[in-house]
Each structure stands twice: as structure tokens, then as C-alpha cells.
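Here is a short tour of a protein chain for you to follow at your own pace. Keep the sequence and the 3D view side by side as you read.

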Amino acid sequence: TDANNNIGRSVMVESDFQSIQTAQPQDKARLGVSVGTLQADTPEDVTLFGVEPGTFVAPRATEGRSPTAANEIVASDELKASGLKLDDTVTFSGSDVAYKVVGFTESATFQASPIVYFGLDEWRNVTAALSGMTAMRDESSFSAVVTKQQVTEYDQSRLAWQTIGDF
């Protein structure tokens, strides 16, 4: 609730995830959300999503494939207009770490910004680097719990329920 209903400011930890009850355990997934500037032919402001492979929030590559290594990403096909191509190596302003584009997903945007998908662990690394706070990188934080179904129980004193329509 301290994030003022802003998913980009939200910081959750494993105990928050465990406190959220859904009808089926696979009906909830961790999601990291931050922003960055992709260095491409034309620099592009993007939303960075951190997801766990195999969960329902992981992107489905419509071209290329899903990432299998920490330095691999899937990007919204909207970034092709900025010159992004499969197998390109890209960086983000504020970080020297290079990532290989291994897939595209169709029209993936968040608040009108194209999405770049990372594994959740690597999302933590790049988010810490882009914010200049690498010493404060946390091994378990994320931004939100995404659910397929209505949540049956959660700690209302610490957490706020939001629908996708709220964003």
C-alpha cells in the first residue's frame, strides 16, 4: 500500500507472495516492473518486465524463441520500428550489460510503452544497475503478484488489490 497504487514503485517479497491465496497455486505469478531506455538505432523508452519462465505471465514468442539464458530477452514487436531485430545485442542507458534479442512477442505494451521481458533474477540485476543502486540489489523482491482468478485471501493491511483495468 506504500506504493500509492503505482506498480513501478511497489516492492514485494516472498512472504507477500506466500500470503496471497488463490484457488490453484499455479494461478499466481511474481512480476517485476521497472523502466529503462533501450539503446537501439533509435533509443526507446521501454517497460522492463521480470517474469519466471513457465508461468502464465511469461511471454509467448511469436517470432524467435523464449529466453534460455540470463542475457537473453524477448521484446515487443513494436520495437522493430526502432530498428530492433532478432539476434541483436542491446544495452540499456545506465548499464554496460549486453542482452541478446532472442524473440519478439506481439504488441506487448504497458502504459503505452513497449515491454522488454527478462527472467526475474536478471530483471533484479538490470533494475538495480539502471537505478544506480547495485549495492541494494535484493535477491527476492518483485513488484506485483499477478493472478488468473480472484484472490481468496491476502494481507489487506499491507497489500492492495488492483485489477488490470486500474492500469
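The notes below go from the overall layout to the nonpolar cores and then to one strand and its partners.

## Overall layout

Please bear in mind that this is a predicted model. The protein chain has two helices and nine strands, and along the sequence they follow the pattern α-β-β-β-β-β-β-β-β-α-β. Of its 167 residues, 41% count as buried.

Among contacts between residues at least 6 apart in sequence, 67% join residues at least 24 apart. The accessible surface of the chain comes to about 8,900 Å², and carbon and sulfur atoms account for 47% of that.

## Two nonpolar cores

The largest nonpolar core has 22 residues, and those touching the most other members are Leu-48, Leu-84, Phe-92, Val-116 and Phe-118. Elements that each supply at least two residues of this core include strand S2 (44-51), strand S8 (113-119) and helix H2 (120-131). A second, separate core of 12 residues includes Ala-29, Phe-49, Ala-58 and Ala-108.

Have a look at Val-116 too: beyond its neighbours within four places in sequence, its contacts include Leu-48, Phe-49, Ile-73 and Phe-92.

## Strand S6 and its partners

Six of the seven residues of S6 are buried, so this strand is largely enclosed by the rest of the structure. S4 pairs with S6 in the parallel sense over five bridges, with Val-74 having Gly-103 as its bridge partner in S6. S3 runs antiparallel to S6 and is joined to it by two bridges; here Gly-103 is the bridge partner of Gly-64.

S5 also pairs with S6, in the antiparallel sense over two bridges, and Thr-89 stands opposite Lys-100. S5 and S6 form a hairpin with six residues between them, where Gly-94 in the turn has a positive phi of about 100 degrees.

Note on methods: Residues are numbered from 1 along each chain as its sequence is written. This is a predicted model: local features need pLDDT of at least 70, side-chain atom pairs count only at pLDDT 80 or more; totals for chains, interfaces and linings use all residues. Side-chain values use heavy atoms; hydrogens and water are left out. Helices (H or I, at least four residues) and strands (E, at least two) are DSSP runs, numbered from the N terminus. Buried means under 20% relative accessible area, exposed over 50%, partly exposed in between (1.4 Å probe, protein chains only). Contact means heavy atoms within 4.5 Å. Accessible areas come from the Shrake-Rupley method with a 1.4 Å probe; for residues, only the protein chains shown count as cover. A nonpolar core is a set of buried Ala, Val, Leu, Ile, Met, Phe, Trp, Tyr and Cys residues joined through side-chain atoms within 4.5 Å. Two strands pair if DSSP finds at least two bridges between them.
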